[in-house]
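Welcome to this short tour. Open your viewer, have the selection tool ready, and follow along stop by stop.

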Amino acid sequence: MKKLNLHQHTLAVHAGGESDPETGAVVAPIHLATTFRHGPAGERVGGYEYQREGNPTNDRLCNAIAALEGGARALTFASGMAAISNLLESLPAGSRIAIPDDCYTGLRILAAEFLPQRAIKVVTVNMANTDAVQAACAEGIDLIWVETPSNPRMTISDIAAIAGIAHAHGTLLVCDNTFASPVLQQPLALGADVVMHSTTKYFGGHSDVLGGALVFARADELHDRVAHRVHVTGATLAPFSAWLTLRGCRSLPARMAMHCANARAVSEFLSGHPAVERVNYPGLPKHPGHDVARRQMRDFGGMLSIELRGGKTAALAMAGRLRLFTNATSLGGCESLIEHRASVEGNDPVSPANLLRLSVGLEHVDDLIADLEAALS
Ligand code: PLP
């Protein structure tokens, strides 16, 4: 939309939402056409040719996500993993990348199984430790990947500090901003070059649409290379999914405010509970990343993890006793979810055996706390 210097809440409601020029409909139409009429020599008539290479519903979503992140361009994908793999697999063979020691399992598996097949070398770095990032960059790294807050331990990485280190070494910085959403954190403004989202989570907001996005600080060759790759390899977001995600944008700031308020109250309750050994929530002053999070986030988000006294047995027993929190993977929907991460991380789990990850939803917080209290006692 035209640059009007709007607040983010306003952008969320209006970006990509211009009324339909043909009918005046105030809600964006869904264009399901796979193909668009062109001239006899293939000339584009209405700007589009084939759905895999772009469609009007998806373009609206791309404009909205770029506006919310303050980026020059956005690309959308069939899933968050498609966004990650299209970006990383567009790097030249022989590239070296650094990924966080705590991050979404899918990135770890991609890095261990698939990137080496493309001769991309991966090192794992504790991104909460800027000295470790500095040391890795000194060895020669082409791309640093941060995920902050991280999944599932809620580690905080200092985006501005890492951007400074990365750029001093000519290294690209990519930030997975899924947990925070652009409402709480804008990595491009802090110096990141690309932001990645699993739009399956807070953007969609209702656990009913899969998708991913990359937002580029500049409309540059990297953007063009990744756009070309997705157009050819075909991990395109379907128009109905784009439409649902665009609808999610409208309420994103309002939902994030309630996710944050509920998660703060839940984290405070759990920190005071004797059955809980540790609460990983960056909003708690004792969280090691609290000061950095205060600097770079507007609020601390709806995700947290807990480590229970009594190990795996206690964690599974608690997860099994909950009535309102559903045992399920994923996050960012209206309903509260809980998951024993080690059980779903495959053959080589990295999460502590006593860790449960919570996606705090939009239910009344007193009901959520009562559910947790009953399950812990
Ligand atoms: N990044 C993070 C932080 C995630 O939590 C997830 C999925 O849970 C992904 C990326 C992958 O996204 P998707 O499941 O949409 O492929």
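Is glutamate 307 buried or exposed? Select it and find out: with a relative accessibility of 9%, glutamate 307 counts as buried, because anything under 20% falls in that class. Keep in mind as you look around that this is a predicted model.

**Stop 1: a link between two strands**

Keep glutamate 307 selected and add arginine 278. Their side chains form a salt bridge, with N and O 3.7 Å apart. Arginine 278 belongs to strand β8 (residues 276–280) and glutamate 307 to strand β9 (residues 303–308), so this pair ties together parts that are 29 residues apart in sequence. Arginine 278 is partly exposed, at 45% relative accessible area.

**Stop 2: a buried pair and its network**

Next, select arginine 341 and glutamate 339. These two side chains also meet in a salt bridge, this time at 2.7 Å from N to O. Arginine 341 is buried, with a relative accessible area of 3%, and glutamate 339 is buried too, at 6%. Now add Glu345 and Arg357 to your selection: salt bridges with shared partners join Glu339, Arg341, Glu345 and Arg357 into one network.

**Stop 3: a partly exposed pair**

Move on to arginine 218 and aspartate 220. They form a salt bridge whose closest N and O atoms are 3.6 Å apart. Arginine 218 is partly exposed at 40%, and aspartate 220 is partly exposed at 24%. How many salt bridges does the count come to? It comes to 12.

**Stop 4: helix α2**

Finally, select residues 56–69, which make up helix α2. From first C-alpha to last, its 14 residues reach 20 Å, close to the 20 Å expected at 1.5 Å a residue. Of these 14 residues, 11 are buried, so α2 is largely enclosed by the rest of the structure. Try colouring some of the buried ones, including Leu61, Cys62, Ile65 and Leu68.

What do the buried residues of α2 pack against? Show α1 (8–14), β1 (73–77), α7 (181–184), β6 (194–198), β7 (212–216) and α9 (239–271), and you have their packing partners.

Before you leave, look at both ends of the helix. At the start of α2, a side-chain oxygen of asparagine 55 comes to within 3.2 Å of the backbone nitrogen of threonine 57. Just after α2, you will find glycine 70, which has a positive phi of about 70 degrees.

Definitions and conventions:
Residues numbered from 1 in each chain as written. Predicted model: local features only at pLDDT ≥ 70, side-chain atom pairs only at ≥ 80, totals over all residues. Heavy atoms only, no water. Helix = DSSP H or I, 4+ residues; strand = E, 2+ residues; numbered from the N terminus. Expected span 1.5 Å × (residues − 1). Buried < 20%, exposed > 50% of the residue type's maximum accessible area, 1.4 Å probe, protein only. Contact = heavy atoms within 4.5 Å. Polar contact = N/O pair within 3.5 Å; in protein donor to acceptor, adjacent residues only side chain to side chain. Salt bridge = Lys/Arg side-chain N within 4 Å of Asp/Glu carboxyl O.
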